[in-house]
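Q: Hi! I'm new to this one, could you show it to me and walk me through a few spots?

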Amino acid sequence: MMASFCAARSGCELFKSLRGSFRTALRIKYGTVCASLPQTNTVRWYSVSHLSVKERIEEKRRAALVGGGQHRIDAQHKRGKLTARERVQLLLDPESFVESDMFVEHRCSDFSMEQDRNKFPGDSVVTGRGRINGRLVYVFSQDFTVFGGSLSGAHAQKICKIMDQAMTVGAPVIGLNDSGGARIQEGVESLAGYADIFLRNVLASGVVPQISLIMGPCAGGAVYSPALTDFTFMVKDTSYLFITGPDVVKSVTNEDVTQEELGGAKTHTSVSGVAHHAFENDVEALLNLREFFNFLPLSNQDPAPIRECHDPSDRLVPSLDTIVPFESTKAYDMLDIIQSIVDERDFFEIMPNYAKNIVIGFARMSGRTVGIVGNQPKVASGCLDINSSVKGARFVRFCDAFNIPIITFVDVPGFLPGTAQEYGGIIRHGAKLLFAFAEATVPKITVITRKAYGGAYDVMSSKHLRGDVNYAWPTAEVAVMGAKGAVQIIFRGKENQAEAEAEYVDKFANPFPAAVRGFVDDIIEPSSTRKMICRDLEVLSSKKQTNPWKKHANIPL
Amino acid sequence: SLSLSLSLSLSQTFDKILIANRGEIACRVIKTCKKMGIKTVAVHSDVDSSAVHVKMADEAICVGPAPTNKSYLNMDAIMNAIRTTGAQAVHPGYGFLSENKEFAKRLNAEGVTFIGPDTHAIQAMGDKIESKLIAKAAKVNTIPGFDGVVKTADEAVQIAQDIGYPVMIKASAGGGGKGMRIAWNEEETREGFRFSSQEAASSFGDDRLLIEKYIDNPRHIEIQVLADKHGNALWLNERECSIQRRNQKVVEEAPSTFLDGETRRAMGEQAVQLAKAVQYSSAGTVEFLVDSGKNFYFLEMNTRLQVEHPITECITGLDLVEQMIRVAKGYHLHLKQEDIPINGWAIESRVYAEDPYKSFGLPSIGRLSQYQEPLNLSKVRVDSGIQEGSDISIYYDPMISKLVTYGASRAEALSRMEEALDNYVIRGVTHNIPLLREIISHPRFISGDISTNFLPEVYPDGFKGHQLDANQRRELLASAAALHVSAQLRSQNVHGPLRVASVPVQSNHWELCVELGNERHQLEIKKTGTTYKVEVDGGQVEVCSSWNLASPLLPLTINGTECMMQFRVRVLSRLASQLNSHMPEKVPEDTSSILRSPMPGTVVAVSVKPGDTVAEGQEICVIEAMKMQNSLAAAKQAKVKSVHCKSGETVGEGDLLVELE
C-alpha cells in the first residue's frame, strides 16, 4: 500500500512541473492536448471546448469504454483476466446492458488527481442493469485498469445507486470484484464509500439476492462487502481475499505465506469457508454464474422460479432401492441420491470442498428451484460439527428468505464429540442450524434415508420443527443413539450384550418408533422419492406460514 | 418349437438348483431355471448382497467377504449353502469353480448333481498337457512343438528354443487369456514365465505352466459341443472369437465368415470325437486356432458353459442351460446332428467397464449412475447382472454385459449392433462402447478379414477413439450447437407469476463456437420451429429433434436421416470463445517424472526405493487389477525421489505411486 502511494505521489510531482506549459498551450490553441503518463507511455486525448457538446459526449463515452487505456487492458489480459466491460458483456444477455453513470468522475483534488489525465469517465467501476436469460439483474464490475480498480467516493456512489435501484424494483445485485482497495488519495472519502456499500449490503440482505464474484484482488475493508452478500464465488489463481496481505502478515506475526495460501480460491473454498465456489477462469466463472442465477428468484417477493422441465415428475429411481448399504456402518454417497432424484441430475453444489460432511446446493424438482441439504455419510459419517452446522444454517436461511423450498436428506449419527468441538463452541454453532430450520416457513420436506440419531435428528428439519412432509425410507433408524451405545446404558452390567443389542436393534433400528407416533408421515419406497417430493411441492406451493411479529430474531451468532 | 420347449419344460429335472456364481451368468442361469419351474438359490459375497442375481433368485446365501477366494471360491461355505437350502444340483456358470474337479467331487460325495461334465472329463481337459495327448489320440489336429510342465525360467528358455520362437506361455490350469504371454526371445520368455506363474498362482492356486508354438496371425474359432451321459454328442456349429485384446475376447460372432461347410464339419466332427473320447456330457467348447490355409489346431477344451454361448443359442434356437440341466438329470439328447440349424447370424459385444484408450481396455470402477440397455430395439439380447446404481468393484470381472444382436444376415445383425451400441446408456464408469462401435464398423471386420491380431494391427498406436470424417464432424458440431441453443432457449422459459416481466432474447440466429478436441469450430445457426439450420465448416446441416433435454439419448434427424446421439461437447457463444483466448493455460502435470496408477487395483510389488536410479522402461511396480498383473515402467532414466505406495495397498485410478527426480 505504502509503495503504491509513494509512486503515485512522485508521479504527480513530475506532472506539476509541466502544468504551466500545458495551460499556455490551451489558452493559445483551444485545440486538443495530449498528456502522456510516464509510467505507461499511453497517449490520451481529451476534447476541449471548441468541440460541440455532442462531440464531447461522444468523446467521453469513447473514453469510458476503454477504461484505463489499451495498454492496461492488454496488461489485464496478460494476467489472464478480462476487463470489467468484457465481464459484464459475457455475464449478461447480448445487448441487454443498460449502463448508468458513464460520465461520473472522481472528485479528488489532492495529489494532482484533479488533472484531466487523472480523470476517467465512469471512474474505476462499470455499473448498470441487464438481463440474464431475460431476467432482470443489477451489476457492478470494478475496473482494474483505472487506478487498479481502487474505490473512490464516486466509485462507491455508483455502486450504491444501482443497489438502491435494485432494492426499489426488487432485482438481484451481482458484484464483479477486481479492486486493489481504497483510493488512498481520497482518504476518508473512500472509507465512507465502503461503509455506504456495507450498509446497503445489509439492508438488501434478505430482500434481493446478492452475489459477489471475486475476479482479482479484494483486500482490507473491501472484503466485507462480499462477506455480507449471499454468495461469494472466486476465480482460481487470479483472485484473492484477505484482510491484510502477506507483507503485513510477515511484519505482524512473522509468518511466511503466499497470496494464494493466505487468501486464494483454494483456501477460501476448502479451509476458511469464506467463498462458496471457485471456477477455473473468468469465462468459466461468468458462464457458471449465469447458470447459478437461473435458480434464484429475483427478490423476496417472488416465488422460486419454475423452469420448463423435461424430466418426468413421476419418474421412478430404482437404483435408490439398493443405495443404502446393508451394514449400517458402511458409507455411501449422498450426492448419488440427490443427483438421481432432482431434475436432469442437475445439482449446483454450494461449498463442495468445505465441511464436506454436509451437502448443500440448488436443484430443480419438476422445474421448480429447491434448496437441498443432506448429511454426507461418506465424510466423517455425516456427523454435524461446527463447520457443517454453520454451512447448513446459512444456506437454509437463504432459501427461507427467498421462498425456496428446502428438501433435507437425513443420515446423521449425531453431533461430533470431542474437546476441539466443545471448545470451539459446537453448542452455539449447532444451535444455528437448529434455529435456521425451526424459523424457516418455506415448504420443508425431509427424507430420512438411514440414521437420525439424537439431537441431530431434531435439528435436521424434523417434524417437530414444522417439517411439512417427513418421510422415512425402510432403512431409516430414528433413535436416541446407535445400538452399541444405547445397550451399554440401558443394559449396563447385563452379561449377554449381543442379545441386548439385538433387542435394541429390533425395537429401535427401524422407522416404526417414529412412524407410529406420526413423527414421519410415511415410510416410502426409495425409488418413489422423486415422485412423492414433486407431488408434495405442488401442494405446498400455496403454503402460508408466518412467525410471530418481531423486530428480528436473535440467532445465536 | 413351442411344443418342443413345452414338452421339455414339463419333463421333471430338479426342484432346486444352486448357482455357484455371480453377475450376468448367474442371472442367465436363473432365467432358464424360472422357465423350467426350478427354484433357485443364489450365493453371494457381502458386497454383492443387493446384486441383481441375489434379487432374482428365490433364496440367497452369503458365502463370505468380497475377495473371491473367500466367497465365490470358498467351497466350504458353498457346500454349507447347499446343505442349508437343500439344493439338489449346482450350476457353476463359468470361471470360479466351474472347472474345479475338487468341487465336482465334493458335490458327488454329497449326492448333489454338478451341472457339467463329470470329474474325469474336467480333469482330462482341465490339464492342458493331458488334454493335448488325449486329443492327439482321438485324431484331433494339435499344435506342433507341444511340450511339458515348466518349473524354472531356464527350463522355459530351453523349451522355447527347442520349439522355436515365437512361443506362448500360459498356466496349465487356466482357461481364457489369463496368465498367457507371448515371447519372441529369451528375455521375454523369462519375463513371461515370471508373470504367468504369479498370475497362475493367484488365479488358480496352481502355478504350473506350459509353453507351446505360437501360431502367428491365427483366427480363434471354437466349436460348441453338447453331449449326454449315454454316449451321444452333437456339435452346435462354431463361434468366431478372433477379436481379442490381451488374449481376451471382445467381439464374437456365429457363424464364422471364414469357414466353409466342409471345414465346419471337419472341425465339428473332431470336436465330437474328442468329447466322446473323454465320455463328455453337458455343454462344452472345443477351441481351435485356424490359420489362413484353414488348417485348424486344437487349442483346448472348456468343460463349462462359455461366456459367448448366447450367439450359438441365437443361431440354433437352443437354450444351452436348459440342455445342460436336462443332461445332468440323465436325459437323452432329443436332437440329432441334422436337427442343428444355422439360422441367420448373431454377434456379441462384450461391454466392459474399462478404458479402451489404455491398451484396448484397462479396468475402471465406479457406480453406474445412469444405465439403460437398448432393449427397446428388436432382435437384441442383453445378458447382464447389473442395473442402474450397481457398483463395478475391483473384486470382480469388470464386464457390464454381453450385448447380442441377431438377424437373418450378418449385415442385419451388424446394423442392429450399431444401433444397439448407439442406444446403450452407461454413465459413471468408463466403458468400451467406443471401441466396440469402432470394431464392428471397421471395413476389415465387415469384410470378415480378421485374426487374433486384429486390434494391434488396426490400431498399432493404441485405440484413439473414432476419427470423424468431415461430414460426421459437421453433423456432430451442428447437433451440439443445436442442442446448446435449445438449452439456452429453455433457460429463458420460466413460468410462474412474474412480478418483473422477463425479456427473453428475441433471436433466431446465433453465432457459436464448438470445441472439439483441441479444435474450435465457428458456426452459425438459424432456428425455424424445432429445426435448426447450421452453417458449419463450409457446409449446411439441418438438425431436427424433439429436444428432450432430460434424456441421456438424443434422437436426431440430421439432413433427413434419423440417428441417435450421446456426446459431451463444449459450446460457447462467439463472444465467450473470443474472450476465452485471454484465459491462462493451466500447465499440465509433467508425467515423465511421476508415476500414477493407470487403474484401480492392488499393489503387488514395488521394485524401487527412494534414491534408486532407474533406467527408462525399468519396472517400478506391479499393480494387480481384476486378476491381471500390470507392470508399470519408468518413463525416463532418473533417480527415485519418493515412493507413495507399498505392497498390498489398494490404489485408485490416478493415485500417485512414485515420483522421480
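A: Happy to; below we chat about backbone details, a helix, a sheet and a cavity.

A: This is a predicted model, where local features need pLDDT of at least 70, side-chain atom pairs count only at pLDDT 80 or more, and totals for chains, interfaces and linings use all residues. Residues are numbered from 1 along each chain as its sequence is written, chains are lettered from A and ligands numbered from 1 in the order in which they are written, and side-chain values use heavy atoms, with hydrogens and water left out.

Q: Cool. Which two residues does the cis peptide bond join?

A: B:Ala254 and B:Pro255, with omega at about -5 degrees. B:Pro255 sits in the loop between β12 (248–254) and α10 (261–277) of chain B. Helices (H or I, at least four residues) and strands (E, at least two) are DSSP runs, numbered from the N terminus.

Q: What about A:Met351, what's its phi?

A: It is positive, about 50 degrees, although A:Met351 is not a glycine. You'll find A:Met351 in the loop between β13 (348–350) and β14 (358–365) of chain A.

Q: Is A:Met351 buried or exposed?

A: A:Met351 is buried, with a relative accessible area of 6%. Buried means under 20%, exposed over 50%, and partly exposed in between (1.4 Å probe, protein chains only).

Q: And A:Ala380, where does that lie?

A: In the loop between β15 (368–375) and α13 (386–401) of chain A. A:Ala380 has a positive phi near 50 degrees and is partly exposed, at 46% relative accessible area.

Q: Switching topic: how far apart are the end C-alpha atoms of helix α2 of chain A?

A: They are 18 Å apart, which agrees with the span expected for the 13 residues 53–65. The expected span is 1.5 Å times one less than the number of residues. Just after α2(A), A:Gly67 takes a positive phi of about 50 degrees.

Q: What's the strand order in the open sheet of chain B?

A: β32-β39-β37-β34, 4 strands with antiparallel pairing. Two strands pair if DSSP finds at least two bridges between them.

Q: Which strands stand at the edges?

A: β32 (594–596) and β34 (613–614) of chain B; each has a single partner strand, so one side of each is left without a neighbour in the sheet. In the pairing of β34(B) with β37(B), B:Thr613 stands opposite B:Lys639.
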